[in-house]
Amino acid sequence: MKNYGEVLKEHRLMIGKTLLEVKNATGISNQNLSRWESGKAIPSIAFCERLADYYKITLDELIGRKLY
């Protein structure tokens, strides 16, 4: 099972964006994005909503949650 950071990074790479591009589009600092993707920190729900909207996915998809 992938950790949260790996899933976040996967979504970013799937749309072909750099951390800087995500930062510029969302207003989320490059440092925060990097820390989240490396698993050193976990974003708040507000930041998760912003990222999910940017990636055009649901919050469940953003965190790699699959409903069975």
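**Exercise 1.** In this predicted model, work out whether Glu37 and Arg12 are buried or exposed, then find what their side chains do together.

*Solution.* Start with the burial: Glu37 is buried, and Arg12 is buried as well. Next, look at the side chains, which meet in a salt bridge at 2.7 Å, N to O. Now place the partners: Glu37 sits in helix H3 and Arg12 in helix H1, 25 residues apart, so the pair ties together distant parts of the chain. As background, side chains of opposite charge can pair when their charged atoms come close.

**Exercise 2.** How many salt bridges does the structure hold? Take the pair Arg65 and Asp60 and check its exposure.

*Solution.* The count is two. For Arg65 and Asp60, the side chains meet at 3.1 Å, N to O. Arg65 has a relative accessible area of 47%, so call it partly exposed. Asp60 comes out at 28%, which also makes it partly exposed.

**Exercise 3.** Which residues of helix H2 (residues 19–26) are buried, and what do they pack against?

*Solution.* Pick out Leu19, Val22 and Thr26 as the buried ones. Look down the axis of H2: these buried residues fall within an arc of 65 degrees, so they line one face of the helix. The spacing rule helps here: an α-helix has 3.6 residues a turn, so residues three or four places apart point the same way. Then check the neighbours: the buried residues of H2 pack against helix H1 (4–14), helix H3 (30–37) and H4. Finally, step past the helix end, where Gly27 follows with a positive phi near 80 degrees.

Technical notes: Residues numbered from 1 in each chain as written. Predicted model: local features only at pLDDT ≥ 70, side-chain atom pairs only at ≥ 80, totals over all residues. Heavy atoms only, no water. Buried < 20%, exposed > 50% of the residue type's maximum accessible area, 1.4 Å probe, protein only. Helix = DSSP H or I, 4+ residues; strand = E, 2+ residues; numbered from the N terminus. Arc of directions from axis to C-beta. Contact = heavy atoms within 4.5 Å. Salt bridge = Lys/Arg side-chain N within 4 Å of Asp/Glu carboxyl O.
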